[in-house]
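Biologist: I am new to this structure and should be grateful for a close look at one part of it, the arrangement of its strands. Please take me through the pairing step by step.

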Amino acid sequence: MSKSSITKTANQKPVSEIEVNPWPSSVKSKAGNPDIAIVGLGYVGLPLSLQFALSGVAVLGLDIDQAKVDALVEGRSYIKHIPSKTVAEFVSNGRFVASTDFKRVREVDAVIICVPTPLNKNREPDISFILETGKSIAPHLRKGAVVVLESTTYPGTTDEDLREVLEAGSGMKAGEGFHLAFSPEREDPGNPDSKVAIIPKIIGGYTPACLKKAQSFYARAIKTLVPVSSCRVAEAAKLLENTFRGVNIALVNELKVVYSAMGIDVWEVINAAKTKPFGFMAFYPGPGLGGHCIPIDPFYLTWKAREFGQHTRFIELAGEINTAMPEYVVHRVSEALNDRGRAIKGSRILVLGLAYKADVDDERESPSYVLMEMLKKRGAQVNYYDPFVPVIRPTREHAHWAGTKSIEWNMKLIKSFDLVLISTKHSSVNYQELAEWSNCIVDTRNAMAGITVKSSQVWKA
Ligand SMILES: NC(=O)c1ccc[n+]([C@@H]2O[C@H](COP(=O)([O-])OP(=O)(O)OC[C@H]3O[C@@H](n4cnc5c(N)ncnc54)[C@H](O)[C@@H]3O)[C@@H](O)[C@H]2O)c1
């Protein structure tokens, strides 16, 4: 480790201050060479970089996306809940520098990888981003440096796949020439109580020395570290966490349909059940799964389990139920319109909320896209409103929606729709106004709870 980094450790902010305000601009001194490189400056990598910077660690942020790097160099954030002011502050005081130059890995003692882990079109794990990153950093790895993977993936990725490319590219052995570890991210975008510094962090090393080295870095920014015996246990723990969510969401989604047929409101049931102070945890139904994690990660395990002749029946069943939700929602839309003597075909339908969850600007894997697609296919004229997504960015999966703009929120426009379908419950939306302006609302998020509505104005779905 460089001498400069030891000085910076002494400047480290106490974690208690980090807890109170996640992004205060306070480190004024200019930093020297970076101590740590974070590769992949997205929803996970950027907040992590800023947390390290806040803790007094000089961070080199690396990404292949030139536009993102340019924005960061200019002190601009491209993630809604991260203020540009914070990025600008750390750029100007030298705690954070963004670059596309992977040769700069030779300047640091630790590299943390936060790149995407999607499924390919056959719904199999695509770890190509991890392997590409491994190839880019390997030739520049310093002796004794630690490489930590944070991307969610199947057990074995770190100590098999990533290790192989790092060893081939660096000419060093993991656990001897360089250290290797896995530490899953637990970022909860949009949740104001979710702060990188105070969320306990699981770490598994390839060897005990690898674990120790990785812990020494994370301890500079994270309050509670949870060491486990191997990279595989750490990888498996992350998959357990996300599978747990996926399975429980499937359970309440199924109960929603069953209870609805019995004339019982599942939301009221959950609110009653969650008063139990032990042995119960509330999960809520919705229009289907969305985001980068829950719809994807469990299938990493399913794929890997096959190699061992094992079947992940809970995961498959939960996937089946959750994937069927948009179909159910469209069925409810058709019932609501039918009640007014209309068909989906020819109706003007507004999808309220494009982001996959409340109060974020992330619409990856959002079920709203599936709903819009299904309604359009049935002949509806579909628009969307989302204050967080003013225009749809080009994506591989939903290319033909690219450039479509959110409608404006005003009485005249909202009144012009035959039906409003609430698919995301953004807190900035005025649901009282919605009740006054639309007489046919299908609500998948219980957003209209507590608002006085006329009978059969709101259809829960
Ligand atoms: N978003 C979340 O809430 C969340 C939570 C927990 C875990 N994760 C996991 O963290 C990982 C990253 O997710 P994310 O949401 O930050 O993704 P993201 O798409 O927001 O960011 C990934 C970044 O990596 C960059 N990148 C891609 N290939 C690269 C390469 N070869 N070299 C350098 N940079 C490259 C992209 O340009 C992008 O900026 C995934 O494995 C995800 O499953 C995400």
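Modeller: The account below begins with how the model is to be read and then follows the strands, sheet by sheet.

This is a predicted model, in which local features need pLDDT of at least 70, side-chain atom pairs count only at pLDDT 80 or more, and totals for chains, interfaces and linings use all residues. Residues are numbered from 1 along each chain as its sequence is written, and side-chain values use heavy atoms, with hydrogens and water left out.

Some terms come first. Strands here are DSSP runs of E with at least two residues, helices are runs of H or I with at least four, and both are numbered from the N terminus. Two strands are said to pair if DSSP finds at least two bridges between them. As a general matter, strands of a sheet pair through backbone hydrogen bonds, in either a parallel or an antiparallel sense.

Let us begin with the open sheet of eight strands, whose order is β3-β2-β1-β4-β5-β6-β7-β8 and whose pairing is mixed. Its edges are formed by β3 (96-99) and β8, each of which pairs on one side only. On average, neighbouring strands of this sheet are turned by 25 degrees against each other, direction ignored; such angles, which run from 0 to 180 degrees, are taken between the N-to-C directions of lines fitted to C-alpha atoms.

Within this sheet, strand β5 (residues 146-149) runs parallel to strand β6 (residues 179-182), and four bridges join the two. Leu149 has Phe182 in β6 as its bridge partner. Further along the order, strand β7 (residues 201-205) and strand β8 (residues 225-228) are also parallel and are joined by four bridges. Here Gly204 is matched with Val228 in β8 as its bridge partner. The strands β7 and β8, together with helix α8 (residues 208-218), make a right-handed β-α-β unit. Right-handed means that, with the strands pointing away from the viewer, the path from the first strand over the helix to the second runs clockwise.

The account now passes to the open sheet of five strands, which has the order β10-β9-β11-β12-β13 and parallel pairing. Strands β10 (381-385) and β13 (458-460) lie at its edges, each pairing on one side only. From one strand to the next, the twist of this sheet averages 20 degrees.

At one end of the order, strand β9 (residues 348-352) pairs with β10 in the parallel sense over five bridges. One residue of this pairing is Arg348, whose bridge partner in β10 is Gln381. Between these two strands the chain passes from β9 through helix α14 (residues 367-377) to β10, in a β-α-β crossover that is right-handed. Elsewhere in the five-stranded sheet, strand β11 (residues 419-422) and strand β12 (residues 441-443) are paired in the parallel sense over three bridges. Leu421 finds its bridge partner in β12 at Val442.

To bring the two sheets together: the eight-stranded sheet has mixed pairing, whereas the five-stranded sheet has parallel pairing. A right-handed β-α-β unit is made by β7, helix α8 and β8, and a right-handed crossover leads from β9 through helix α14 to β10.
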